[in-house]
Amino acid sequence: MTWSARRRSRRRLVRGALLLATAVACAGLAGWMLIARDEDTANQIATVGSLFAGVLGLLLALVDFFRQEQAPPEPGTLADDLAVVVREQWLVEASARGLRDPRVLPLAWRATGRDVAQLPRGADSRVLRVRLDGRLHGRFDEVIGQLADGYARLPNRRLVAIGEPGSGKSVLAILLTLGLLAAREPGGPVPVLLPASSWDPVREPLDDWIVATLALPHYSSRPEIPRTLLAHGLLLPVLDGLDEIPESARRSAVRGTNAAIGADRPIVVTCRAAEYEDLIRGGAPALRDAPVVEVADALSTPLIVTSARLVYQRLPLDPAELLDGARFDCRFAVEQHLTDRLIDAAYAPAPGPPGSGPPDSRWTAAQARTWLTFLARYLHDHRERDLAWWRMSERLLSPWFPPALGIVAGLVLGLGALGWIVVTGALGRDATSELPLIGGFVGGGFALLSVIVWYCVPGNTPGRLSFTVEGSLGRLRRGFGTGAKLTAFAAAPVLLVLAGGTALGEGDGAWSFDAVESYCTMCSVTLCLAVVVGLALAAHDWLNAPPHHAARVSPRGSLAQDRRSALTGAAVAGCVVAATGLLGWYAGMLSGAWLGRVVNDWAGWPGSGNLALLAGDQWQAVVAPFNDNRAVLVGLTVALPGTVFGLLLLLTRAWPRYVLTRLFLAARGRLPLRLTGFLADARRRELLRQSGGVHQFRHVRLQETLAGRPMYPTRGPSPAARSTVRRRLVLTAGAATAVTAAVGNDARDGSSLVFPASETLNAVAFHPGGETWIAIGGDDGTVWLWDYGRDPRPHGGRPLRRVRAGSGRVVYSLAFHPRHPLLAVGDSAGVELWNAKDRMTVPFRSSAPNQWLRRLP
């Protein structure tokens, strides 16, 4: 029995046991209700049981609904779907490169004379004579049809195209891919053109790289469908640019290719001639069986022809200068001369009537050269050809950027929270001392969390918004588990610190009643918050269903898809946190208080298992800090947690990080603010090309030329001078911080304070519970209420009670209730009961205090 079969059997056993236990419990409950004499109790139990049965039935129905699994499509159907998308993608790219003009630029090739291939053999090991020489000239559809027919005649469906830089190998690969797609039968293999520059053969086998390269742009990085197609032999890889793999890894690439294709698997490879010859000499039996054609070189190569046409059409230069043998003594000199002027020509006005060329650009040639030079050097530093927008944040941002971003965002969020409190007037006019503490807690907490999230969660690949009912239960379960684990991991050290502080600070011992209740509350609140975060991430993952169809991809399209996915996922998860956060906190407080009292045999208030009283008391404890101000309660316990969670979730996605990177580099003048538009414009001007969801330079020669140029003039301070200025700035900032701290920490002796009052003070009472209240009674009947937690400096302010002058009502005694905001005021006329929070009298008055004291819970 396989592991999956055993798992299914175990699940059926557990489900059957639960159903049996439920049936036995229901039968026993029904029998007890029939023989019970207390009909009221039986009716109450029946009502509650019916409620739970209905909820359980609803949950089972939802589980069955979300467990629906769609039958996987046939591999042939998946291949047909991918073929349509790939063909559309490369037709668009062929049009952008001018390959779909009325006539394709003539391209010729011949069987190579290099010692890199052996004659192909048939199934009976007889040598086959195959004519490999050819020339493309004609209309686009005819050209790709010729290529597909020629490839179909190869005995083992393997082909290697070699040539010099710019000879047209990539063009040949594109045309062959489109020809094979046009001639493909339904359910047949799909040719996929893949740039080999992104393959690291030392770390990744060829098949895994093919699956990952197809999954990233077309299937939201889900490898299931590409792996299925590969396993059924429905992928024909066309590897373009084997020479663009770093030299130290090329030998591994050849070994990996030989191991993957075996004896009969088809493949197409393009490579520079000299590099391929060097690789084959080291031994490559599978690739040696592949016919090798060499694309024509010299000045007639497509790259040189199109570059020369662009330069001498747009710039005031004479093409006759290329005949000067003193200046252009070799082919390299001609190519370098044209490459140096390519950017100026691309941004120069097009000849002919208006509108015949690319639209006028908002950027100049000088700006484009600076920005493209920066991008070329960035790619050169990382030994890459693909300009993937989602990788830029990890490589181009300063290590100090995430902390700076967290501080700025935390400052904005903290000021927003303070503004909300001030506008709603929750803390009153006199309680301004708590505002910095609240702002610092909100802003500092978000800054710390944002930095942790940025560094702990690496930048994701682009996602796509996709949700279906099929497979929902697995996605919900996976997201909930992730959220619960993250919360438990983050809360574990906090719980240890709080528990240690409680144990050390508890005067009655580490296992006193109050300490045990605190431990239970900490654990319960953490568990409930883990449930809240788990629900939020479950909703977020539910929107990220595995795609069933391939998506047409482009850099701008993948950016838009990830933007929609990021914003929608963050909004949904934030709403879940906003809707359940306060309830989760209250549930944690209540369950912790209940568990603490159960463990201690209900010692302490309310003294019995009255859950209703305990629930009301805990709800008052949750909402008490907000002074019954609903606006502040909603803002700080609903809107603020949802906003913070949504923003933190956004920081894990690729699109927000790309936006921040673009803003950062634009502020430093390295790249334009509208980077995506600039790259699209450079592609229209044939400086860049597009390969799936990434941009590439039109040719590696252009990238190498720009990377070899200095980006900025050498004027300006030397590195030593810049280092000196930096040290001076750091020292100045440090001195300013020290002075500010010294001035701000002006120590004041707070051991004795004088309360300002014009009358003699007769009575003082401290709140015995958790409130920081002091009640003060005067000789004239006035009572002040001072909250020294909010305002450590005493001042008279508005009294809690003031009587008519000359009434003779002298305050003799004051007393607080330990668990309620009630203050008893005893004077010569009797006793009054005041609500200290609402600053209003309780509607009861008596000269006999024992009558109402016995009524208090």
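Let's start at Arg114, a residue that is partly exposed, with a relative accessible area of 26%. Keep in mind as we go that this is a predicted model. Arg114 sits in the loop between strand S1 (104-111) and strand S2 (134-138), and its side chain meets the side chain of Glu294 in a salt bridge, with 3.3 Å from N to O. Glu294 belongs to strand S7 (residues 292-295), so look well along the chain for it: the two partners are 180 residues apart, and the pair links distant parts of the chain. What about cover on the Glu294 side? Glu294 has 8% relative accessibility, and because buried means under 20%, Glu294 counts as buried.

While you're in the loop between S1 and S2, have a look at Val116, which lies there too. Val116 has a relative accessibility of 0%, so it counts as buried. Val116 is also 8.7 Å from Leu287, C-alpha to C-alpha, although 171 residues separate the two in sequence.

Back to salt bridges. How many does a search of the whole structure find? The total is 17. One of them joins Arg385 to Glu244, with the closest N and O atoms 2.6 Å apart. Arg385 is in the loop between helix H14 (365-381) and helix H15 (392-396), while Glu244 is in the loop between strand S5 (235-240) and helix H8 (247-261), so this pair ties together parts that are 141 residues apart in sequence. Here Arg385 is the buried partner, with a relative accessible area of 5%, and Glu244, at 24% relative accessibility, counts as partly exposed.

Another salt bridge runs between Arg327 and Glu321, whose closest N and O atoms are 3.4 Å apart. Arg327 counts as partly exposed at 43% relative accessibility, whereas Glu321 counts as buried at 17%. And there's a bit more to say about where we began: Arg114, Glu164, Glu277 and Glu294 are joined into one network by salt bridges that share partners.

Now for a helix. Helix H3 covers residues 75-96, and its 22 residues should span 32 Å at 1.5 Å a residue; the end C-alpha atoms are 32 Å apart, which agrees. Quite a list of H3 residues is buried, including Leu78, Leu82, Val85, Val86, Gln89, Trp90 and Glu93. To read a list like that, it helps to know that an α-helix has 3.6 residues a turn, so residues three or four places apart point the same way. After H3 comes Gly98, whose phi is positive, near 80°.

Further along the chain, you can find a patch on the surface. Trp594, Leu595, Val598, Val599 and Leu611 make a nonpolar surface patch of about 420 Å². Which helix gives the most to the nonpolar patch? Helix H20 (residues 555-599) does, with four residues. Leu611, by contrast, has its place in helix H21 (residues 611-623). Leu611 has 44% relative accessibility, so it counts as partly exposed.

Next, the strands. Strands of a sheet pair through backbone hydrogen bonds, either parallel or antiparallel. In one open sheet of three strands, the order is S10-S11-S12 and the pairing is antiparallel. Strand S10 (761-766) and strand S12 (783-787) stand at the edges with a single partner strand each, so one side of each has no neighbour in the sheet. On average, neighbouring strands of this sheet are turned by 20° against each other, direction ignored. S10 pairs with strand S11 (residues 773-778) over five bridges, in the antiparallel sense. If you want a spot to look at, Val764 stands opposite Ile776 in S11.

The last stop is another antiparallel pair: strand S14 (residues 822-827) and S15, held over six bridges. A hairpin joins S14 to S15 through two residues, and Asp827 stands opposite Gly830 in S15. Is strand S15 (residues 830-835) enclosed or left open? Six of its six residues are buried, so S15 is largely enclosed by the rest of the structure. That goes for both of its faces: Gly830, Glu832 and Trp834 point one way, Val831, Leu833 and Asn835 point the other way, and all are buried.

Note on methods. Residues numbered from 1 in each chain as written. Predicted model: local features only at pLDDT ≥ 70, side-chain atom pairs only at ≥ 80, totals over all residues. Heavy atoms only, no water. Patch = residues over 30% accessible without salt bridge, like charges linked within 9 Å, V, L, I, M, F, W, Y side chains within 5 Å. Areas by Shrake-Rupley, 256 points an atom, 1.4 Å probe, with all protein chains shown as cover. Salt bridge = Lys/Arg side-chain N within 4 Å of Asp/Glu carboxyl O. Buried < 20%, exposed > 50% of the residue type's maximum accessible area, 1.4 Å probe, protein only. Pairing = 2+ DSSP bridges. Axes fitted to C-alpha atoms, helices over the stretch in contact; angles between N-to-C directions. Expected span 1.5 Å × (residues − 1).
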